[in-house]
Amino acid sequence: MTKKRKATLKDVAKEARVNFTLVSKFLTGNPQARMTDDTRKRIELAVKKLDYRPSASARALRNGKSKTIGLVVRDLTNSYFAHIADTALRELRQKGYQLLIALDDDENAVKSLVMREVDGIIHLGKKAPDTSKIPCPVAVNDTNVRGAIEINPDLSDSLDCALKNLKGKIAGLFFESSTWSKEFDSAIKRIGKKNTFKVILPFNQTQRREELRKICQKKPDGIVASGWRTFLILSDLIKKEFKGYSPKIVLQANCKGEFFKDKNIVGVIHSSTTELICKTCQAIITEIESATPTARKLKNPTIYIDANSPDFAKLITKEFSLT
């Protein structure tokens, strides 16, 4: 059985009884393409009959765009990054773009995406990208990178509310390069909190557990913890090794789950990862397609939800899910 030959632009032109250039202008929506309604109809019918599908590589050569976005993530076995990849894939597909994924554990992740001529890169790796060496727009989340489009959490109100609900010695637990660390410092100054300390946590979960054990030994009265995984480790340590210790915890979370029943949680700084990634995709597409520079510092909203509020009760679900 012979394989069916893929229809070409010339095949469509022959079927529609028009020249090659006119079909090309029709398919690219060229505003200078002048043709009668009858001609348009013949081309449409020819495209449908021959099942013609434009070549992505040929289209890229014509307009200088590959209609592809690169995504650098740390670990696709991590439900957070899997959720991000899924959200980005769906959002970009709706906007006519494809997604290429590269893992951050490969030092050549960015280089491999650039070699594939992506139009832009969403970089969610551990180490900040050097945008001066990347020939396309770069977008990042929850960090500050010179030359990149930054989409960071808007924390001023929610962090203030959280800290006002904590008394005594307060610990802030954050990750390196995250904007949460600086925002925590700013909130402390705004509301005049004293007796606070901050710890930058490692990404490695074994090392993180050891660091959290040290924090429990200091027994702060209140804790602001960035990330639900950090809270799960912290909660497990308290239950197994520090049974008499009962700190008030404000958790930064972008999820729902049964662990919100934990009596130590007094509030949540909540945000939507889905909204964040959709906003990031839109921002980088705007940068790619716009002839003028676009806004490069954007904010994703967060809200403080008190543990006694009806909205908090909605976060307690049997099945874990990211929002």
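The exercises below go through a predicted model of one chain, each with a worked solution.

Residues are numbered from 1 along each chain as its sequence is written, and side-chain values use heavy atoms, with hydrogens and water left out. Local features need pLDDT of at least 70 and side-chain atom pairs count only at pLDDT 80 or more, while totals for chains, interfaces and linings use all residues.

**Exercise 1. Overall form**

Find how many helices and strands the chain has, and state whether the chain is spread out or compact.

Solution. Step 1: the chain has twelve helices and 14 strands. These are DSSP runs, numbered from the N terminus: helices are H or I with at least four residues, strands are E with at least two. Step 2: the radius of gyration, 25 Å, is well over the 20 Å that the globule rule gives for 323 residues, so the chain is more spread out than a compact globule. The radius is taken over C-alpha atoms, and the rule is 2.2 Å times the number of residues to the power 0.38. Step 3: along its principal axes, the C-alpha trace spans about 85 × 40 × 35 Å.

**Exercise 2. The nonpolar cores**

Determine which residues touch the most other members of the largest nonpolar core, and which element gives the largest share.

Solution. Step 1: apply the definition of a nonpolar core, a set of buried Ala, Val, Leu, Ile, Met, Phe, Trp, Tyr and Cys residues joined through side-chain atoms within 4.5 Å. Buried means under 20% relative accessible area, exposed over 50%, and partly exposed in between, with a 1.4 Å probe and protein chains only. Step 2: the largest core has 31 residues, and L173, L212, I223 and F260 touch the most other members. Step 3: α10 gives the largest share of this core, six residues. Step 4: a second, separate core has 22 residues, among them I122, L124, I151 and I284.

Step 5: look at L212. Leaving out residues up to four places away in sequence, L212 touches L173, L201, T230, I233, L234 and L237. Contact here means heavy atoms within 4.5 Å.

**Exercise 3. The surroundings of R229**

Locate R229 and decide whether R229 is buried, partly exposed or exposed.

Solution. Step 1: R229 lies in helix α10, residues 228-241. Step 2: its relative accessible area is 26%, so R229 is partly exposed. Step 3: beyond residues up to four places away in sequence, R229 touches N78, S79, Q205 and R208. Step 4: A128 is 101 residues from R229 in sequence, and their C-alpha atoms are 22 Å apart.
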